[in-house]
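Here's a quick tour of a protein chain, written for someone who'd rather look at contacts and surface areas than at cartoons. Have a look at the structure first.

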Amino acid sequence: MSTLPDDTLRKILVQIQQTAVQSQRALNISKQQSASKDRERRILQLTIDEIQSIEGDVNLYKGVGKMFMMVPRKTMEKEFKIQEKELTDDINNLNKKAKYLEKQFNDAQSQLRDIETSDDEEEFKLPSMASLVIMLVMNFLLQVSFFIIVSSANKYAEYLGGNATFSGIVIGIPTGFAVLSLIPLTQYDKGLYKMPLHVSCCFAILGHVAYAVAFRANFLYLILIGRCLTGVSFTMFMYCKRYCTDPRIVGIRRRTTLAGWQVVCQGLGLSLGPLFGGLLYKIGFSNSIFNGYTSPGWIMAGIYAGFWVLVTKCFEDVPQPPPVTVMELSFPIAKGLKTEPCPNYSSVPTASPPLPIDESLRAQLSLITLSQWSVIICMCWFSMVCFFILGSWEANLPVFGAATENLRWSPFDAGNFIALGAIICFPFLIANILAARRIQDRKLLAFGATLGLAGLTTFLFILYTNKVNYNSLFACWCTVALGFNIATAVTLSLLSKQLPPQYNGRASIVIQCSNFTGRVTGAIWGGSGVSVGMMNFVGLEIAMVGIGTIMFTTLWKKLKTKNG
């Protein structure tokens, strides 16, 4: 049964429940009819015994309406015996029918118990380990691809004739193209993952090569083109999230745990990307092809090429269930039960076939309640805000560090700073995976948002008092990175637990589009942070978290879901 889609399982469950109710009702009616006919038969038998006890040829009368009609004794005895035989036959048929209905009812009850037992297994199911590792590694590589240029993007753009705002656009633009690419890609993926993996690997290689070639070509907009191509590969961010919440392969009590592992990969990419980017810039490799600006592109292109081979050989896609017709859904369903033809009793109620379900988008949207819509809006807002703040800080730290008098960071210094903060957060992200099994998603979201807001408020106070130094900035960065990374772990998993399984694909797209919106606007905002004023930079982020907090507290009771 686990190979069938959840909507099909739901139809099966409804049919079994209907069968159990109808069988019990028909069984009660059959027993009542049998008892009534048995009572009539006993009265008839007593009447026959009384007649047989009378000696001689006596006159017997039979009631006909308000009259009595004389009937010969032999004729009356014959009629009574025929009636007795008919009643006996009816009672035998009703007893057979009752036995069939009782067996049908017991089978339905057994199936319901089997489903309840299998529900526990379904809630904790996981995909194959090799495929899961590939998806998590892909998420890590995408994070590295996004962040590896953060350390040197500003210098690279200045070398080719750009400025800090242009470097912010270069950092954030891939997510915009990822949103545009999701539309056609989701039309052809058929709910599977291997084809998007191939597309992602291909465009990641092309994008990184174009980003590296821009130096030799001395063409500023080629790095933008390369990042746009890389943006197509970032569509896999959505597929990675959808894979870890896909009800076909992941149980409801494992989704937040897998989302926690995704955040761990996100944290690794956040730390190692800028670290490697800054290190490669520091080493330099002073030649026109492989140098501090271009080496991230060439190295990542090579890594993706090797990973593509691994995907081709080892990834197992989600198994596609065979098409199920209405006849195949007929009772009984559970394993080990053999179907038996129902006796042709006219009084046995029959279940009508299920009505066809309208699978159109408008029909599905009409089934979402107002409460569910409010949860969707809240999760999309938090998803966008978390990535907006993380993206803006990652893009802003190199620019702010270079512009601050007592810091004067190089790209190498900025990369180390970003990476060190993410490394400090790493043990806490591992602890978050363990906590997800025992703590509700809404509480994890509240904790992450509160912690991140504390970091933003502290940074605003430091800016106001003009006490910015390495230690104070580092404490704020660690708090912001940890808080909003924890918050991002539960947005899709919480939403997938609130909505029916068939909405998982669309929920993944909506959440990922929110992520992408936050990333691209956050990167641009971060690149412009120094020019618009750092107080304004942080103030906007605090206001966005405040709006989310109002939504969150209003919907607190509606955000309750199962742990894990």
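What follows goes from the whole chain down to a few helices, loops and single residues.

**The whole chain**

Keep in mind that this is a predicted model. The chain has 564 residues, and 50% of them count as buried. Its secondary structure comes to 19 helices and two strands. As for how the chain folds back on itself, take the contacts with a separation of 6 or more: 85% of them join residues 24 or more positions apart. The accessible surface adds up to about 26,500 Å², with 62% of that belonging to carbon and sulfur atoms.

**Two helices and their ends**

Let's put α9 and α15 side by side.

| Helix | Residues | Number of residues | First to last C-alpha | Expected span |
|---|---|---|---|---|
| α9 | 255-283 | 29 residues | 41 Å | 42 Å |
| α15 | 470-488 | 19 residues | 27 Å | 27 Å |

For α9, the reach is close to what you'd expect at 1.5 Å a residue, and the same goes for α15. Is α15 enclosed or open to the outside? Of its 19 residues, 15 are buried, so the helix is largely enclosed by the rest of the structure.

The N-terminal end of α15 is capped by Asn-469, which places a side-chain oxygen 3.1 Å from the backbone nitrogen of Asn-471. Before that comes the loop between α14 (441-465) and α15, and Asn-466 sits in it. Asn-466 has a phi near 55 degrees, a positive value in a residue other than glycine. With a relative accessible area of 66%, Asn-466 is exposed, because the cut-off for that label is over 50%.

Over at α9, Gly-284 comes just after the helix and takes a positive phi of about 95 degrees. Leu-279 is found within α9 itself. At 38% relative accessibility, Leu-279 counts as partly exposed, and it joins Phe-276, Ile-283 and Phe-285 in a nonpolar surface patch of about 340 Å².

**Another positive phi**

Lys-190 is in the loop between α5 (164-188) and α6 (194-217). Its phi is near 55 degrees, again positive in a residue that isn't glycine. Lys-190 counts as exposed, at 68% relative accessibility.

**Two buried residues**

Which residues does Ser-152 touch, leaving aside those up to four places away in sequence? They are Tyr-281, Gly-292, Tyr-293 and Pro-411. Ser-152 lies in the loop between α3 (129-147) and α4 (153-159). Despite that loop position, Ser-152 counts as buried, with a relative accessibility of 1%.

Leu-94 belongs to helix α2 (residues 73-123). It counts as buried at 9% relative accessibility, since the label applies under 20%. Leaving out residues up to four places away in sequence, Leu-94 touches Ser-30, Gln-33, Ser-34 and Lys-37. How far apart are the C-alpha atoms of Leu-94 and Ser-30? They are separated by 5.9 Å, although the two residues are 64 residues apart along the chain.

Definitions and conventions:
Residues numbered from 1 in each chain as written. Predicted model: local features only at pLDDT ≥ 70, side-chain atom pairs only at ≥ 80, totals over all residues. Heavy atoms only, no water. Helix = DSSP H or I, 4+ residues; strand = E, 2+ residues; numbered from the N terminus. Buried < 20%, exposed > 50% of the residue type's maximum accessible area, 1.4 Å probe, protein only. Contact = heavy atoms within 4.5 Å. Patch = residues over 30% accessible without salt bridge, like charges linked within 9 Å, V, L, I, M, F, W, Y side chains within 5 Å. Areas by Shrake-Rupley, 256 points an atom, 1.4 Å probe, with all protein chains shown as cover. Salt bridge = Lys/Arg side-chain N within 4 Å of Asp/Glu carboxyl O. Expected span 1.5 Å × (residues − 1). Polar contact = N/O pair within 3.5 Å; in protein donor to acceptor, adjacent residues only side chain to side chain.
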